[in-house]
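I am opening this notebook to record, step by step, what I looked up in a structure that is new to me.

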Amino acid sequence: MSGLQSVDEATFDDLVLGADQPVLVDFWAQWCPPCHQIAPVLAQIDADRNDLTVVKLNSDENPAISARYRVMALPTLMLFHRGEVIWSVVGARPKHKLVKELDDALLAAV
């Protein structure tokens with residue numbers, strides 16, 4: 001997978017729900033080809049942006065969080081702001097489309 005920071009059941013509430021800025025969570029699994037396809041895109045977004053953080057959560061290893069947010073398919077991306085989900089999408093996206101969707105969600109949340 002990419003060099004993104006990982007979160008798990010022990011760190012999710014602090015690092016995602018308690019974050020000072022928006023956090024994009026990549027719910028993924030090792031066996032998921034589209035998860036590996038989107039990983040470099042997410043790493044680029046994380047490196048390019050100062051207004052949000054991108055983290056990954058292995059759904060197989062953290063089933064309680066996946067269940068809490070009703071993750072039914074992978075990859076699922078959820079954007080959290082002030083502890084709430086403000087946007088989500090299932091499936092891989094090209095970088096330009098994903099950035100546009102993120103920007104729209106962030107603008108709507110302000």
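The entries below go from the sheet to the helices and then to the cysteines.

**Entry 1, the sheet.** I note before anything else that this is a predicted model. I looked up the order of the strands and found five of them in an open sheet, arranged as 1-3-2-4-5, with mixed pairing. Strand 1 (5–6) and strand 5 (84–90) each have a single partner strand and stand at the edges, so one side of each has no neighbour in the sheet.

**Entry 2, the parallel pairs.** I then went through the pairs, beginning with strand 1 and strand 3, which run parallel and are joined by two bridges; here I could see that Ser6 has Lys56 of strand 3 as its bridge partner. Strand 2 and strand 3 are also paired in the parallel sense, over six bridges, and across this pair Val25 stands opposite Val55 in strand 3. Following the chain from strand 2 through helix 2 to strand 3, I noted a β-α-β crossover that is right-handed.

**Entry 3, the antiparallel pair.** How many bridges join strand 2 to strand 4? I found five between strand 2 (residues 23–28) and strand 4 (residues 76–81), and the two strands run antiparallel. Within this pair, Val23 has Phe80 in strand 4 as its bridge partner.

**Entry 4, helices on the sheet.** I next asked which strands helix 2 lies across. Helix 2, residues 33–48, lies across strand 2, strand 3 (53–58) and strand 4, and its direction is at about 165° to strand 2. Helix 4 (residues 95–109) also packs on the sheet, where it touches strand 2, strand 4 and strand 5, and its direction makes about 160° with that of strand 5. I checked how covered strand 3 is, and five of its six residues turn out to be buried.

**Entry 5, the cysteines.** I searched the whole structure for disulfides and found one, formed by Cys32 and Cys35 with their sulfur atoms 2.4 Å apart. As a reminder to myself, a disulfide is a covalent bond between the sulfur atoms of two cysteines. Is the disulfide of Cys32 and Cys35 right-handed or left-handed? The torsion about its S-S bond is about 80°, so I wrote it down as right-handed.

**Entry 6, burial of the pair.** I finally asked whether each partner is buried or exposed, keeping in mind that buried means under 20% relative accessible area. Cys32 has 2% relative accessibility and therefore counts as buried, while Cys35, with a relative accessible area of 0%, is buried too.

Terms used: Residues numbered from 1 in each chain as written. Predicted model: local features only at pLDDT ≥ 70, side-chain atom pairs only at ≥ 80, totals over all residues. Heavy atoms only, no water. Pairing = 2+ DSSP bridges. Contact = heavy atoms within 4.5 Å. Axes fitted to C-alpha atoms, helices over the stretch in contact; angles between N-to-C directions. Buried < 20%, exposed > 50% of the residue type's maximum accessible area, 1.4 Å probe, protein only. Right-handed = clockwise from strand over helix to strand, strands pointing away. Disulfide = S-S within 2.5 Å.
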